[in-house]
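Good morning, and thank you for making time for this presentation. I would ask you to keep the sequence and the structure in view while I speak.

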Amino acid sequence: MEKEIFVTKSSLPPLEDYVNEISNIWESHWLTNMGIKHKTLQALLKDYLDVENVELLTNGHMALELSIQALNLQGEIITTPFTFASTTHAIVRNGLSPVFCDINPDDFTIDVNKIEALITDRTSAILPVHVYGNICDVDAIKNIAAKYDLKVLYDAAHAFGVKYKNKGIGSFGDVSCFSFHATKVFNTIEGGAVCFGDKNKDFGLDIYRLKNFGIRGPEIVDAVGANAKMNEFCAAMGICNLKRMDVCIQSRKRLVDEYRSRLSNVDGLRLDEPQKEVEQNYAYFPIVVDEKRFGATRNEVMKKLAEHNIFARKYFYPLTNTFDAFHGRFDVNKTPVALYISKRVLTLPLYEELDIKDVARISNIVLSCKK
Ligand SMILES: *Cc1c(COP(=O)(O)O)cnc(C)c1O
């Protein structure tokens, strides 16, 4: 029986490190509601992410949902369907309509040449996704947003620590939302953050209030908020994991280099190419299988890996605009590139502790499917 390898495995700090970090909680009895761990992690992340402001939340989804609420957006938001359920759900759960823009086939992010045709007088914002840590064309998006007076919120759930032109990716757009879920490059068990610039200080106060029921002061509740405060144990995990981030990203890089050396230049397999002027985080290793040239389909490759107890995942399939939850409300043929990719993409295992020999083995199994 071959050992099971999943697409990811959560990073953990040494146990002693975590125990040490949480031990003074037993003196303070302060478990949640913006305690010392929360404030410490907030300051550390502001630095690490190279952004002007950070608010910590229970998860990345609430970061998106409350950001949309805090910006007081209305009507329609332009987004992409090649993402995790959260992005689309955050829009719909705020009572707004997602308008789906196609992606570009090279880096899977929003196709900036197709945004303007989707803008109507109901459009209030653009919500693009830095898919797999590939960054969107932030310069073009900024220009479009300025021309039509739209807000820009980035779903940066995959882009922890990514830099563009030496600037933290969380400093682009009006708001960027990160996820610190257990499966992400950096985790706080569950967690997330909203990053924003100094010019949006009021927005920051609103997020702070909305993550705590809309409470402004002891006797003033002036917004219908949620409960989305990161607790002290999650923040402590973040403090410990952050210390190991650079090592963690270096191991990921080494594994990605190994995959690339084995799977590059194979007819019918397309890899995710590094982008110019981007400092990567090596979050995922997707391959796109063109069945005509490769001689096997994505599903066949996935099945072959599973026979060896290796569980790759179809990130992202199905597209969010085909979810049963929406009862056929959206026309998937309006996003043909996303549809094409979602049927052919497979994300291979990648995490800090993955053995480089397993990368060789996984690559060989993929290659053995070629006809
Ligand atoms: C993980 C993820 C989220 C949601 O983050 P959670 O912390 O799990 O709530 C949102 N968008 C994308 C693209 C994600 O991958």
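Let me begin with a definition: two strands are said to pair if DSSP finds at least two bridges between them. I should also say at the outset that this is a predicted model.

With that term in hand, consider strand β10. Between β2 and β10 there are 5 bridges, and these two strands run antiparallel. One of the residue pairs is Asn-53 with Phe-196, the latter being the bridge partner in β10. Strand β10 is also joined to β9, again by 5 bridges and again in an antiparallel sense. Two residue pairs illustrate this connection: Phe-178 has Ala-193 of β10 as its bridge partner, and Cys-177 stands opposite Val-194 in β10.

How much of β10 is buried? The count is 5 of the 5 residues, so β10 is largely enclosed by the rest of the structure. The threshold behind that word is a relative accessible area under 20%. Gly-192, Val-194 and Phe-196 point one way from the strand, Ala-193 and Cys-195 point the other way, and all of them are buried.

Strand β9 can be described in similar terms. It is mostly covered, with 5 of its 5 residues buried. On one side are Val-175, Cys-177 and Ser-179, on the other Ser-176 and Phe-178, so that both faces are covered. Strand β9 is further joined to β6, residues 151-155, by 3 bridges, and here the two strands run parallel. Within that pairing, Asp-155 has Cys-177 in β9 as its bridge partner.

I turn now to helix α7, which spans residues 201-210. Its buried residues are Phe-203, Gly-204, Asp-206, Ile-207, Arg-209 and Leu-210. As a general point, an α-helix has 3.6 residues a turn, so residues three or four places apart point the same way. What lies over the buried residues of α7? The cover includes the strands β2, β9, β10 and β11, together with helix α4. The strands I have just described, β9 and β10, therefore reappear here as part of the cover, where contact means heavy atoms within 4.5 Å.

Next, the ligand. There are 14 residues around it, and those that come nearest are Gly-60, Asp-155, His-158, Ser-179 and Lys-184. By class, this shell has 2 nonpolar, 10 polar and 2 charged residues. Helices α4, residues 60-70, and α5, residues 85-92, each supply at least two residues of the shell.

Several specific distances may interest this audience. A polar backbone atom of Gly-60 is 2.8 Å from an oxygen atom of the ligand. For His-61, a backbone N or O atom lies 2.8 Å from a ligand oxygen atom. In the case of His-158, an N or O atom in the side chain is 2.8 Å from an oxygen atom of the ligand. Taken alone, the ligand exposes 380 Å², and the protein buries 91% of that.

Let me move to the loop between β4 and β5, where two residues deserve attention. Cys-101 lies in this loop. Why does Cys-101 count as buried? The reason is that its relative accessibility is 0%. Leaving aside neighbours within four places in sequence, Cys-101 is in contact with residues including Ile-78, Pro-81, Ile-110, Leu-118 and Thr-335. The C-alpha atoms of Cys-101 and Val-112, which are 11 residues apart along the chain, are separated by 8.7 Å.

Thr-109 is found in the loop between β4, residues 97-100, and β5, residues 123-127. Thr-109 counts as buried because its relative accessibility is 1%. Its side chain makes a polar contact of 2.7 Å with the side chain of Asp-107. Not counting residues up to four places away in sequence, Thr-109 touches Ile-103, Asn-104, Val-129, Val-131, Asn-134, Ile-135 and Cys-136.

Finally, a separate element: an open sheet of 3 strands, with the order β8-β7-β14 and antiparallel pairing. Its edge strands are β8, residues 167-168, and β14, residues 278-279, each of which pairs on one side only. Strand β7, residues 163-164, is joined to β8 by 2 bridges, and Tyr-164 stands opposite Lys-167 in β8.

That concludes my presentation, and I thank you for your attention.

How values were computed:
Residues numbered from 1 in each chain as written. Predicted model: local features only at pLDDT ≥ 70, side-chain atom pairs only at ≥ 80, totals over all residues. Heavy atoms only, no water. Helix = DSSP H or I, 4+ residues; strand = E, 2+ residues; numbered from the N terminus. Near = heavy atom within 4 Å. Polar contact = N/O pair within 3.5 Å; in protein donor to acceptor, adjacent residues only side chain to side chain. Areas by Shrake-Rupley, 256 points an atom, 1.4 Å probe, with all protein chains shown as cover. Nonpolar A, V, L, I, M, F, W, Y, C, P; charged D, E, K, R; others polar. Buried < 20%, exposed > 50% of the residue type's maximum accessible area, 1.4 Å probe, protein only.
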